[in-house]
Amino acid sequence: MTVEINDAVWKELHELAVEATKRSYAPYSKYPVGAAALVDDGRVLTGCNVENAGYGVTLCAECGIISDLINSGGGRLVAFTCVNKDGDRIVPCGRCRQILFEHGGNELLMHMPRGIQTMAEVLPDAFGPADLDEVKEADVD
Ligand code: THU
């Protein structure tokens, strides 16, 4: 199935991400984040950040999306956005770029503050599953 990614899709993702900020658990930073993504089969997933008294184990909103992706059947992410509580688009942190890359690859479209960019643009030369495969093949020789 090929999904079309048009203005209506970006609008829906933005609205769902804003709604997700309202479910955020961010008592420490007081910085709610909501994220939404489209899967290549048309599913739409959302996530919000979930903080913890052990600050370092906080789950970013993107983690919720990936958990939902795998738990609802997998697939490839094709479009992604995340916002703060004012609905402003924000950039995903470096760790989350890597987490998203695993499930969307270089072609994943990301609605960043400066506009729509590909994952290849926001995480150039990413380390991914293909790099591990290269080592496995070399080991066999
Ligand atoms: N946060 C996210 O949820 N996603 C990001 O990509 C950036 C940061 C959250 C983590 C923490 O709860 C709050 O924003 C402040 O860093």
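Contact here means heavy atoms within 4.5 Å. With that in hand, helix H2 is a good place to start in this predicted model. H2 spans residues 61–71, and its buried residues are Ala61, Glu62, Cys63, Ile65, Ile66 and Leu69. The cover over these buried residues includes strands S1 and S2, strand S3 (77–84) and helix H3 (94–104). As for the spacing along such a helix, an α-helix has 3.6 residues a turn, so residues three or four places apart point the same way. Just after H2 comes Gly73, with a positive phi of about 120 degrees.

Two of the buried H2 residues, Ala61 and Glu62, turn up again around the ligand. The full set surrounding the ligand is Ser29, Tyr31, Val33, Asn49, Glu51, Thr58, Cys60, Ala61, Glu62, Pro92 and Cys93. Sorted by character, this shell comes out as six nonpolar, three polar and two charged residues. Which protein atoms sit opposite the ligand's oxygens? On the side-chain side, an N or O atom of Asn49 is 2.9 Å from a ligand oxygen, and an N or O atom in the side chain of Glu62 is 2.8 Å from a ligand oxygen. Cys93 joins in through its backbone, where an N or O atom lies 2.8 Å from an oxygen of the ligand. On its own the ligand would expose 370 Å², and the protein buries 79% of that.

Cysteines appear both in the ligand shell, as Cys60 and Cys93, and among the buried residues of H2, as Cys63. So how many disulfides are there? With a cut-off of 2.5 Å between cysteine sulfur atoms, the count is zero. Take Cys60: its closest cysteine sulfur is in Cys96, and at 3.7 Å that is too far for a bond. Cys60 is partly exposed, because its relative accessibility is 24%. For Cys48, the closest cysteine sulfur belongs to Cys63 and is 11 Å away, so a bond is ruled out by distance here too. Cys48 counts as buried, because its relative accessible area is 17%.

Next, some backbone oddities. Most residues other than glycine have a negative phi. Lys30 goes the other way, with a positive phi near 55 degrees. Its place is in the loop that runs between helix H1 (7–21) and strand S1 (33–39). Is Lys30 buried or exposed? Lys30 is exposed, because its relative accessible area is 60%. Asp125 is another non-glycine residue with a positive phi, about 55 degrees. This aspartate sits in the loop between helix H4 (119–122) and helix H5 (129–140). Asp125 is classed as exposed because its relative accessibility is 81%.

Finally, a look at Gly42. This glycine belongs to the loop between S1 and strand S2 (44–48). Gly42 counts as partly exposed, because its relative accessible area is 33%. Which residues does Gly42 contact once its neighbours within four places in sequence are set aside? The answer is Met1 and Val3. Gly42 and Asn106 are 64 residues apart along the chain, and 19 Å separates their C-alpha atoms.

Key. Residues numbered from 1 in each chain as written. Predicted model: local features only at pLDDT ≥ 70, side-chain atom pairs only at ≥ 80, totals over all residues. Heavy atoms only, no water. Near = heavy atom within 4 Å. Polar contact = N/O pair within 3.5 Å; in protein donor to acceptor, adjacent residues only side chain to side chain. Areas by Shrake-Rupley, 256 points an atom, 1.4 Å probe, with all protein chains shown as cover. Nonpolar A, V, L, I, M, F, W, Y, C, P; charged D, E, K, R; others polar. Buried < 20%, exposed > 50% of the residue type's maximum accessible area, 1.4 Å probe, protein only. Helix = DSSP H or I, 4+ residues; strand = E, 2+ residues; numbered from the N terminus.
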